[in-house]
Amino acid sequence: MSQAPHQPGSSSLRTQGYWWHRARADLLGAVMRPHLGTPRRTLDVGSADAPSVGWMSSGQQHVSLDLLPEGLVPGQGVCGSATELPFADATFDVVSAFDVVEHCADDARAVAELARVLTPGGRMLLSVPAYQWAWSDHDVQAGHHRRYTRPRLVRLVEGGGLRVARATYAFTGVFPLFVAERARRRLSPPPPGDTRLPQVSPRTDRALMALCRADARVLRRRDLPYGSSVLLVAVKPDRPA
């Protein structure tokens, strides 16, 4: 699939406080907080600029990594690539990569690197965009290489030698709006190079957040059958299989 030039970096660098990023943080926390345990060292790859990992902070040593320095707090992060992590084997108890591996041409290499720096028994936390049929100009401009189904992401992670503890869809409540927005983009594409996120009114923002909070309540108890994102938790075995 051909890729067009895109503006580098997460859209959250350009649109602070956007509803989707706030909702993602809530959904990630609902699914993944029970799997955190009490890590000594955590690594967040590629989403340091977004409000994704506040729920992960519990006094442990936390490292953020991003390709762009703009995505890092000065003095608190490391510039680097998900496919060539600048860390020794078995360094971190938890590694997260939220909406990252779809940006990697070799997603198996990215997962292998995330697994390499995990301690035995460590947890890998991932999120990715869902459904290749939803591919649009947005994915091209964002620099995506693919979108995923839940089974595809599970196969990718299990192929890297990890055990999947949980995998679910998310953003289920707003999914009809997502489908309508993708259909609109196909019928009336935005101008080339337009990376702006769809703007919403304060009332719409509140409605979207309410739907996502309902998702989060459900996700604390069980998985959701569809949605525009896939969330996954995996565990690195204590010893090689």
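Which pattern does the protein follow when it is read along the sequence? Good morning. The answer is α-β-β-β-β-α-β-α-α-β-α-α-β. Please keep in mind throughout that this is a predicted model. The protein has six helices and seven strands.

Let me begin with the protein as a whole. It has 241 residues, of which 51% count as buried. The exposed area is about 11500 Å², and carbon and sulfur atoms supply 56% of that area. Consider next the contacts with a separation of 6 or more: residues 24 or more positions apart account for 74% of them.

I turn now to one strand, E4, which covers residues 92-98. How many of its seven residues are buried? The count is seven of seven, and the strand is accordingly described as mostly covered. What does E4 pair with? Strand E1, residues 41-45, runs parallel to E4 and is joined to it by three bridges. Within this pairing, Leu-43 stands opposite Val-95 of E4. Strand E5, residues 118-129, also runs parallel to E4, and here six bridges make the connection. Ala-97 has Leu-126 in E5 as its bridge partner. Helix H2, residues 107-116, completes the picture: together, E4, H2 and E5 form a right-handed β-α-β unit.

My next topic is the aromatic rings. A pair of aromatic rings is described by the distance of the centres and the angle of the planes. The model contains eleven aromatic pairs. Take Tyr-18 and Trp-19: their ring centres are 6.2 Å apart and their planes stand at 45°, so this pair is tilted. Both residues, Tyr-18 and Trp-19, are buried.

How are the rings of Tyr-131 and Trp-133 arranged, stacked or tilted? Their centres are 5.2 Å apart and the planes meet at 15°; since stacked pairs have planes under 30 degrees apart, this pair is therefore stacked. As for their surroundings, Tyr-131 has a relative accessible area of 11% and is buried, whereas Trp-133, at 44%, counts as partly exposed. These two residues also belong to a cluster linked by ring pairs, together with Tyr-169, Phe-175, Phe-178 and Tyr-226.

Finally, a ring may also lie beneath a charge. Which residue has its charged end over the ring of Tyr-148? The residue is Arg-152, and its charged end sits 5.2 Å from the centre of that ring.

Thank you for your attention.

How values were computed: Residues numbered from 1 in each chain as written. Predicted model: local features only at pLDDT ≥ 70, side-chain atom pairs only at ≥ 80, totals over all residues. Heavy atoms only, no water. Phe/Tyr/Trp six-rings, centres within 6.5 Å; stacked < 30°, edge-to-face > 60°. Buried < 20%, exposed > 50% of the residue type's maximum accessible area, 1.4 Å probe, protein only. Lys NZ or Arg CZ within 6 Å of the ring centre and 35° of its normal. Helix = DSSP H or I, 4+ residues; strand = E, 2+ residues; numbered from the N terminus. Pairing = 2+ DSSP bridges. Right-handed = clockwise from strand over helix to strand, strands pointing away. Contact = heavy atoms within 4.5 Å. Areas by Shrake-Rupley, 256 points an atom, 1.4 Å probe, with all protein chains shown as cover.
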